[in-house]
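Student: Pick one part of this protein and give me a close look at it, then show me how it ties in with what's around it. I'd like the cut-offs spelled out as you go.

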Amino acid sequence: MLNNRLKNGLLCTLLIASSSVSLSADEIKLKPNRDYIVTETRPNNIVLIDAKEKKVANTCKIDERFSPGGIVLAPNNKYAFVIGGYGEEIGGYDITTCKKVFHANLTKDNIKGQTLAGLAVSEDSKKVYTIYNRTKMETDRYTVLSPMFSSFKVSDGVNAKPVTSFKIPRQMTLISVAKDGTIYGIGSALYTINPKTKEVKVAKKILNWGKKDYSDPDSAGNYILGQQQGDFSTLYYAEKYDKEGKDIGWYWGVTSVDLNTNKIEQFEFTDYETLMFTIMRSPVDRNIAFGSLNDLTKFDLKNKKVLKRVVLDHTYYSVAFSLDAKKVYLGSCLNDIAIYSADKLEKLGNVYLPGDMGSAALQVFHNN
């Protein structure tokens, strides 16, 4: 009998030990002194990339359907939040264990809520913010309702409900959060959003800006970028006229917020000589910026100069920096991330991913 009890005890101990080893084996330990990149790929993956070794370090399967690829990394560099279910859901996952920590539905009853890329996380990583459009789905008609801003608590877990919701202006597509907690939204204007007072204020006009000798600008922001680097920038282009009203050229401009200081700027910086989808200003020198699509261009913003331009192997819709601004990472197309040196734009390599990225941008952090 004693031998049987001993055997059963040993068996239980071995099973528990085996289970612990299995749990430990599922957790990825981040290596020191290197950049990590977080992004999303089809059909349902959050991918963690070791940028130093140029390889995938972890792949997490997510429950939400890939659509359209919106992903944001919490400032604690621990949780990634994705837009899923054709924009109707938000999921949150631990990037090292793949544990699901958050889920919220933007659709309630017959009011469908959908967001394209309106997702951000508070600087303390405790709140998820989103902006989304709403449609009342009735039997004989669809009624367009006012878009909304909602705030959720991460600690509410996988059945989270909004703790704050209020109406916002139409055509807002992106939001980001400054170091002091100020929330910025951009669309037809640059806005500040205050969840406590539910106030939304225009911080800088874009559409109908009334700028003398310029046409109204055209601007778009669809890629979640820059909170780790302290930059919230979107491109615009506008036509310039001479004193007689004749057009004298088209120019690229940028509307941007320094998320470290809340300084807002809006200015033209180069001729409209190449097509770009995104731009990011350097985290160590905001006079330097990089834009990408079919080529990667390095700009001197103050002196309005193109410093260098290289043709890319294929289209890359989004650009991101390492936090020391020495490397440029390109993504948001096909299944690879391209890495370039920031000084000479020399190609340093590619990282190949398990699936197409769609419009998922790159979230970069440095593990000390």
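Tutor: Burial first: a residue is buried under 20% relative accessible area, exposed over 50% and partly exposed in between, using a 1.4 Å probe and protein chains only. This is a predicted model, where local features need pLDDT of at least 70 and side-chain atom pairs need 80 or more, while totals for chains, interfaces and linings take in all residues. Numbering starts at 1 along each chain as its sequence is written, and side-chain values use heavy atoms, leaving out hydrogens and water.

Let's zoom in on strands E18 and E19 and the loop between them. Strands (E, at least two residues) and helices (H or I, at least four) are DSSP runs, numbered from the N terminus. E18 covers 231–241 and E19 covers 247–258, with glycine 245 in the loop that links them. At 47% relative accessible area, glycine 245 is partly exposed. To see how far this loop sits from another part of the chain, take alanine 80: C-alpha to C-alpha, glycine 245 is 49 Å from it in space, with their positions 165 residues apart in sequence.

Now move from the loop into E19, where you'll find threonine 255. Threonine 255 has a relative accessible area of just 1%, so it counts as buried. Its contacts (heavy atoms within 4.5 Å) beyond four places in sequence are Ile186, Leu190, Ile206, Phe232, Ser233, Thr234, Tyr236, Glu265 and Gln266. With glutamine 266, there's also a side-chain polar contact of 3.1 Å. That term means two N or O atoms within 3.5 Å; within protein, one has to be able to donate a hydrogen and the other to accept it, and neighbours in sequence count only when both atoms are side-chain atoms.

Next, look at arginine 286, in the loop between strand E21 (276–281) and strand E22 (288–293). Arginine 286 is buried because its relative accessible area is 17%. Its side chain makes a polar contact of 3.1 Å with that of aspartate 231. Beyond four places in sequence, arginine 286 touches Gly230, Asp231, Ser256, Val257, Asp258, Arg281 and Leu301.

E18 matters again once you look for empty space. Both kinds of space here come from a 1 Å grid over the protein atoms alone: a cavity is a set of points where a 1.4 Å probe fits but cannot get out, a pocket is an open set with protein on both sides within 12 Å along at least five of seven lines, and lining residues have an atom within 4 Å of a point. Points join across faces, edges and corners, and volume is the space filled by probe spheres set on them.

The largest pocket comes out at about 450 Å³. Of its 33 lining residues, Ala220, Gly221, Asn222, Leu235 and Phe277 are nearest the centre. Strand E9 (119–121), strand E13 (174–177), strand E17 (218–219), E18 and E21 each give two or more residues to that lining, and E18 gives the most, with seven. By class, the lining has 20 nonpolar, 11 polar and two charged residues. Here Ala, Val, Leu, Ile, Met, Phe, Trp, Tyr, Cys and Pro are nonpolar, Asp, Glu, Lys and Arg are charged, and the rest, including Gly, are polar.

Asn222 turns up in the lining of the largest cavity too, along with Pro68, Gly69, Gly70, Ile71, Leu116, Ala117, Tyr223, Ile224, Ser359, Ala360 and Ala361. That lining splits into eight nonpolar, four polar and no charged residues. The cavity has a volume of about 50 Å³, and the count of cavities of 30 Å³ or more is one.

For comparison, the second largest pocket is about 350 Å³. It has 19 lining residues, with Asn105, Leu106, Thr107, Lys108 and Pro162 closest to the centre. Strand E7 (100–105), strand E8 (111–114), strand E10 (127–137) and strand E11 (142–153) each supply two or more of the lining. Its classes are nine nonpolar, seven polar and three charged.

One last backbone detail, back by E9: serine 125 is in the loop between E9 and E10. Serine 125 has a positive phi, near 65°, though it isn't a glycine, and at 7% relative accessibility it is buried.
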